[in-house]
Amino acid sequence: MAFVFSPQLPAALPIAGSNALFPARRVYCVGRNYADHAREMGALAQAEGREPPFFFMKPGDAVVSGAGELAIAYPPLTNNLHHEVELVVALGAGGAAVAVDRAKDLIFGYTVGLDLTRRDIQAKAKEKGHPWDMGKGFDQSAVAGVIQPVAQVGHPAGGRIWLTVNGQTRQDGDLAAMSWKVADIIANLSTMVQLEAGDLIYTGTPAGVGPLLRGDVLEAGVDGVVTLRARIV
Ligand code: MN
């Protein structure tokens, strides 16, 4: 049987040192995974609240990636588009109910990403007890840099994670401050869903989130791992 129309190809992320592309499947995001960001949002961090990590999702086709400067369209229905710089984990294998000490076996590589957020829509949803989806899962909301394979960068557990807008530092944190570490996140998430190769996990943002305007140029990075550059158009 043929499809009535051609199925869409997945979003593709470049891989450092390879001509092959990484096909994105699902995009999972961890909420409030750095205490300083949780505080700036008026909430407890996961560790402070002694609660397990919580997750939300973006559509796989919300991923924008590439090696050069990425052009990101300012999305509709917001006056408060926010940047959140995050370490992104790219899975090369799947699993369910994965043990913490096996979780890193699933990882293909890492990159830096932006969990772009329509903060005004998210705030309204929180207030009403509605889902966050339209605040978080809009088109081009999951920006990602070039994937760095584990073989090249290992498993970064500490080091600066930062973001500048027009050359000015907005976010400057350290991976070591993550409340839930990458292995814990994978293990926990894999109790809820079957993880698969191609899944991306955004691991939360440090403090300093803030608004973006058309024309802004963002640079973001995880020291020793990767940088990315994007322009809001
Ligand atoms: Mn985030």
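Here are four exercises with worked solutions on this predicted model.

**Exercise 1: overall build**

Work out how the radius of gyration of the protein compares with the globule rule for 233 residues.

- Start with the inventory: the chain folds into 6 helices and 18 strands.
- Now take the radius of gyration, 17 Å, and put it beside the 17 Å that the globule rule gives for 233 residues; the two are close, so the protein is as compact as a globular protein of that length.
- For a feel of the outline, the C-alpha trace spans about 45 × 45 × 35 Å along its principal axes.
- Then check the contacts: of those between residues at least 6 apart in sequence, 76% join residues at least 24 apart.

**Exercise 2: inside and outside**

Find what share of the 233 residues is buried, and what the surface and charges add up to.

- Count a residue as buried when its relative accessible area is under 20%; buried residues then make up 51% of the 233.
- Turn to the outside: the accessible surface is about 10,700 Å², and carbon and sulfur atoms own 55% of that.
- Finish with the charges: there are 20 positive and 23 negative side chains, with the centres of the two sets 3 Å apart.

**Exercise 3: the nonpolar core**

Identify which members of the largest nonpolar core touch the most other members, and which elements supply the core.

- As background, nonpolar side chains in soluble globular proteins tend to be buried together.
- The largest core here has 44 residues, and L114, I186 and I201 touch the most other members.
- Elements giving two or more residues to this core include β3 (27-30), β8 (85-91), β9 (107-115), α6 (182-189) and β18 (226-232). The top contributor is α6, with 5 residues.
- Zoom in on L114: beyond its neighbours within four places in sequence, its contacts include V85, V143, L163, Y202, L218 and L228, and also the polar E84 and S141.
- Don't stop there: another core, of 17 residues, lies apart from the largest one, and A11, I15, C29 and A90 are among its members.

**Exercise 4: two unusual backbones**

Decide whether A97 and N166 are buried, partly exposed or exposed, and say where each is placed.

- Recall that most residues other than glycine have a negative phi.
- A97 isn't a glycine, yet its phi is positive, about 45°. Its place is the loop between β8 and β9.
- With over 50% as the cut-off for exposed, A97 at 63% relative accessibility counts as exposed.
- N166 isn't a glycine either, and its phi is about 50°. Look for N166 in the loop between β13 and β14 (168-174).
- N166 has a relative accessible area of 49%, so it is partly exposed.

Notes
Residues are numbered from 1 along each chain as its sequence is written. This is a predicted model: local features need pLDDT of at least 70, side-chain atom pairs count only at pLDDT 80 or more; totals for chains, interfaces and linings use all residues. Side-chain values use heavy atoms; hydrogens and water are left out. A nonpolar core is a set of buried Ala, Val, Leu, Ile, Met, Phe, Trp, Tyr and Cys residues joined through side-chain atoms within 4.5 Å. Buried means under 20% relative accessible area, exposed over 50%, partly exposed in between (1.4 Å probe, protein chains only). Helices (H or I, at least four residues) and strands (E, at least two) are DSSP runs, numbered from the N terminus. Contact means heavy atoms within 4.5 Å. The radius of gyration is taken over C-alpha atoms; the globule rule is 2.2 Å times the number of residues to the power 0.38. Accessible areas come from the Shrake-Rupley method with a 1.4 Å probe; for residues, only the protein chains shown count as cover. Lys and Arg count as positive and Asp and Glu as negative; His and the chain ends are not counted. The place of a charge is taken as NZ of Lys, CZ of Arg, CG of Asp or CD of Glu.
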